[in-house]
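Thank you all for making the time this morning. I would like to walk you through one structure, going from the whole chain to a few helix pairs and then to some individual residues.

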Amino acid sequence: MSTDFLLIGVGILIVIAAIDLMVGVSNDAVNFLNSPIGSRVAPRATIIFVASLGILAGVTFSSGMMEVARKGIFHPEFFTMPELLTVFLAVMISDVILLDLFNTYGLPTSTTVSVVFELLGAAVAVSVWKIFEAGDSLASLGQYINSAKAIAIILGILLSVVVSFICGAIFQFLTRLLFTFDYQRRVKRYGALWGGVALTSITYFILVKGAKGASFMTSANVAWIKSHTLLIMFGMFVASAILLQLLQAFKVNIFKPIILIGTFALAMAFAANDLVNFIGVPMAGLHAYKAAMATADPLHATMGALAHKIPSETLYLLIAGAIMVGTIYLSRKARSVTETTIQLSQQEEGVERFESIGLSRAIVRLVLHLFDSVRIIIPASLRNWVANRFDAEQAPSVEMHGGRPSFDLLRASVNLMVASVVISYATANKLPLSTTYVTFMVAMGTSFADRAWGRESAVYRITGVLTVVGGWFMTAVIAFIFASVFATVIFFAKGLGVLMLVILAALMIFNAHRKHRAMAEEAQKEHIFNLKSVEDASSTLETTFGHMSFLLREISDSLDTSLTALFRGDFDTIGVQRKKLNRFQQWSGIISANIFKAMRLLDQKGVAVSHKYAQTVRRLQKLTDGHRDIVLRAYTHVGNHHKGLLPEQVEELERVRAQLRDILQEVAELINRGRIADLEQLTAKDQALRALAAELNEKQVGRIKDNSSKTRLSILYYGIIGNAMMISKQNLELLEIFNQSFSEVEKGDPPA
């Protein structure tokens with residue numbers, strides 16, 4: 001290995017660092033974007049601008065000192081420059097792949113945990129191979145590795161998860177008890193005092209966490225802050241309370257500046273403290289190269305000089321800040337990660353991203369039993385008073401900056417305040433934690449206390465939380481394995497190994513990008529199925545018909561795909577359609593929910609609700625039942641490796657499929673356009689389908705008699721045809737209801 005290879009390796013590190021900045025900030029952006037975006041405190045462009053200022057401030061406040069190897073994960077004096085470069089390259093390649101993987105699926109994780117365990121994994125791998133080459137015992141591995149840091153981080157994960165959730169739940173419960181959901185009526189009384197506490201927490205967080213490494217913060221300044229903490233906080237509280245009271249006098253919603261300042265604070269802390277996760281390793285590699293080249297034997301000199309903190313150039317920090325700012329403006333994956341947290345904490349019901357699992361159902365049962373036990377010892381009058389304070393129906397309907405917020409400004413401000421308090425306390429007491437873990441679990445705790453996890457959504461939300469938390473621990477495991485394997489490849493394959501891994505990373509990122517784009521397009525299609533608060537029956541009705549049109553098209557496409565897969569014996573494709581069945585049930589449930597909203601609104605206005613609403617739900621249920629039955633029959637048949645349909649059966653079912661698709665697509669188009677349909681033409685098509693079914697049934701009877709079609713094939717064949725006729729009939733019924741309702745809406749009368 002020559003010194004030229006070392007220079008090339010350092011160059012690769014710097015290039016990967018730029019990519020790592022992009023994927024890293026895409027994941028960590030959830031820390032400071034979740035609350036402002038979820039509450040719609042301001043237009044998205046304004047929120048991003050405030051966060052950008054925080055990032056640039058955090059980069060500027062950096063003391064210019066990059067910690068090498070993340071606080072002593074390994075001892076650099078035992079490694080030569082080529083070995084150290086092997087570790088660093090393995091770490092950076094692993095980090096890019098791992099974080100991009102989490103971004104693709106919209107799961108927030110800790111960039112600190114990932115880089116620490118990547119360093120640990122790569123260092124362990126290189127140390128083991130060094131020991132083997134030297135003929136030493138593995139007992140000497142402890143000389144190379146500082147395992148205490150990894151253990152401390154694991155304990156920090158557990159501690160921060162539990163403490164953050166509990167603190168978020170308690171603070172939100174007390175705050176909501178004070179203000180209720182109709183908080184705007186009560187904020188004038190004691191809002192300035194409460195806001196003073198919130199702003200004090202956030203600004204103190206800026207001092208302790210965000211600006212602790214600023215160049216102007218001397219050791220004397222830090223010591224003074226620690227010794228005068230109570231005085232500083234009291235002064236902040238008084239000044240904040242007075243300022244907020246003045247703002248209220250000018251009719252300013254005081255929660256907005258609190259949330260925006262909190263966003264700035266968390267963004268600044270992220271840039272000031274987590275920047276090392278992305279460029280710390282490359283900067284260490286650059287300084288290691290300079291130190292090695294200053295020796296007589298660069299390839300064999302040990303890197304003991306890296307045991308100390310190494311200064312990094314301000315220019316590099318500013319470039320890194322610019323890359324991060326550009327990423328949060330442009331990254332679609334940053335939006336996906338943020339949306340996951342927002343969906344899990346939204347106040348109203350909606351399309352749930354996660355399905356229920358046994359563990360989440362068990363947790364819900366346990367909590368319900370616990371609440372039932374506690375309810376016995378609490379007086380009924382107190383329970384009723386608390387229930388009234390937590391009645392979300394009292395909240396005024398608001399549309400803020402392009403839509404209804406997922407949660408209100410009060411909860412968003414509690415999220416930022418509690419996260420600031422927990423992180424500040426841990427930082428001041430040198431307790432290990434992750435900013436990502438704290439902000440996420442605080443958001444989950446506040447949503448739990450706000451009763452956003454109702455009986456209809458709790459199991460799905462808990463599954464989502466378990467998925468995210470499980471991903472945090474998997475981050476450590478995957479990071480360790482990836483880095484150790486990659487370090488082994490580079491250790492033995494040298495430059496060729498680096499080339500192969502870079503190509504592998506590029507291919508995986510490209511594939512993940514393509515998959516994320518497909519997932520985003522699918523999510524965009526489903527965006528129509530958002531439960532929205534409406535004030536009149538006509539709007540609900542029109543929304544419902546839009547949903548129906550989309551549902552019919554999707555059912556048509558799913559049936560086409562499933563039957564084609566059945567004819568070809570393609571189990572994987574049918575499996576994909578089977579997994580989507582729950583989604584169709586969710587869509588059907590949302591349409592039904594909107595129908596019930598219309599019924600309630602009409603009933604409130606004294607309008608007699610016709611039986612057609614109940615009929616719509618029944619027709620819709622039968623429609624989805626028929627679709628589900630066909631998919632499950634195909635899945636079971638192919639999955640059990642039964643004999644495929646006969647060629648003539650396939651040909652006949654193709655005719656059924658074509659006629660059914662024609663009916664489904666035409667009904668969907670008519671409903672979507674809002675046109676009064678000519679039912680006679682569609683009725684004729686339905687009758688033609690039934691005539692075809694009768695004809696095919698006779699042919700199948702002949703195959704049964706001559707024993708060419710076995711029992712399973714006959715059941716499958718009849719099942720598909722029978723469901724096709726039922727789906728066609730339900731379509732016509734739905735269209736007839738649509739015609740009646742649309743005609744009445746056009747006349748300006750509420751549907752009766």
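What you see here is a predicted model, and its protein chain is made up of 26 helices and two strands. Of the 752 residues in the protein chain, 52% count as buried. If we take the contacts in the protein chain with a separation of 6 or more, then 86% of them are accounted for by residues 24 or more positions apart.

Let me begin with pairs of helices. Helix α5, residues 81–104, and helix α6, residues 111–134, have axes that come within 9 Å and cross at roughly 140°. How should we class that angle? Since roughly antiparallel is reserved for angles over 145 degrees, α5 and α6 are therefore described as oblique to each other, and their crossing is right-handed. On the α5 side the residues that meet α6 include Glu83, Val87, Val91, Asp95 and Leu99, while on the α6 side the partners include Thr111, Val115, Glu118, Ala122 and Lys130.

The second pair is helix α24, residues 647–673, with helix α25, residues 679–705, and here the axes are 11 Å apart and the packing angle is about 165°. That makes α24 and α25 roughly antiparallel to each other, and the crossing of these two helices is left-handed. The contact draws on Glu648, Gln649, Glu652 and Arg655, among others, from α24, and on residues of α25 including Leu682, Leu689, Gln700 and Arg703.

One member of that contact deserves a separate look, namely Gln649, which sits in helix α24. Is Gln649 buried or exposed? Its relative accessibility is 0%, so Gln649 counts as buried. Once neighbours within four places in sequence are left aside, Gln649 is in contact with Gln700 and Arg703, and also with Ser709, Leu713 and Tyr717.

I will turn now to a single helix, α14, which covers residues 332–345. From its first C-alpha to its last, this helix of 14 residues reaches 20 Å, close to the 20 Å expected at 1.5 Å a residue. Helix α14 is mostly covered, with 10 of its 14 residues buried, and among the buried ones are Lys333, Val337, Thr340, Ile342 and Leu344. What caps the N-terminal end of α14? That role falls to Ser331, which has a side-chain oxygen 3.3 Å from the backbone nitrogen of Lys333.

Next come three residues that I have picked out for their contacts, in each case not counting residues up to four places away in sequence. Thr624 is located in helix α23, residues 612–639, and with a relative accessible area of 2% this threonine is buried. The residues that Thr624 touches are Leu551, Ile555, Phe584, Gln585 and Ser588.

Ala419 belongs to helix α17, residues 409–428, and its relative accessibility of 1% means that it counts as buried. The C-alpha atoms of Ala419 and Tyr437 are separated by 9.8 Å, the two residues being 18 apart along the chain, and the residues that Ala419 touches are Val438, Thr439 and Val442.

Ile12, in helix α1, residues 3–28, has a relative accessibility of 23% and counts as partly exposed, because buried requires a value under 20%. Its partners are Leu89, Val498 and Val502, and for Leu89, 77 residues away along the chain, the C-alpha atoms are separated by 8.0 Å.

I will finish with backbone geometry. In general, most residues other than glycine have a negative phi. Which residues here would I flag in that respect? Thr180 has a positive phi, near 65°, and this residue is placed in the loop between α8 and α9, where its relative accessibility of 1% makes it buried. Lys494 also has a positive phi, near 55°, but Lys494 is found in helix α19, residues 458–526, and at 38% relative accessibility it counts as partly exposed.

That brings me to the end of what I wanted to show, and I am happy to go back to any of these places in the viewer.

Notes. Residues are numbered from 1 along each chain as its sequence is written. This is a predicted model: local features need pLDDT of at least 70, side-chain atom pairs count only at pLDDT 80 or more; totals for chains, interfaces and linings use all residues. Side-chain values use heavy atoms; hydrogens and water are left out. The expected span of a helix is 1.5 Å times one less than its number of residues. Buried means under 20% relative accessible area, exposed over 50%, partly exposed in between (1.4 Å probe, protein chains only). A polar contact is a pair of N or O atoms within 3.5 Å; within protein, one must be able to donate a hydrogen and the other to accept it, and residues adjacent in sequence count only if both atoms are side-chain atoms. Axes are lines fitted to C-alpha atoms, for helices over the stretch in contact, and angles run from 0 to 180 degrees between N-to-C directions. Angles under 35 degrees count as roughly parallel, over 145 as roughly antiparallel, 65 to 115 as roughly perpendicular and the rest as oblique. A crossing is left-handed if the near helix is turned anticlockwise from the far one by less than a right angle, and right-handed if clockwise. Contact means heavy atoms within 4.5 Å.
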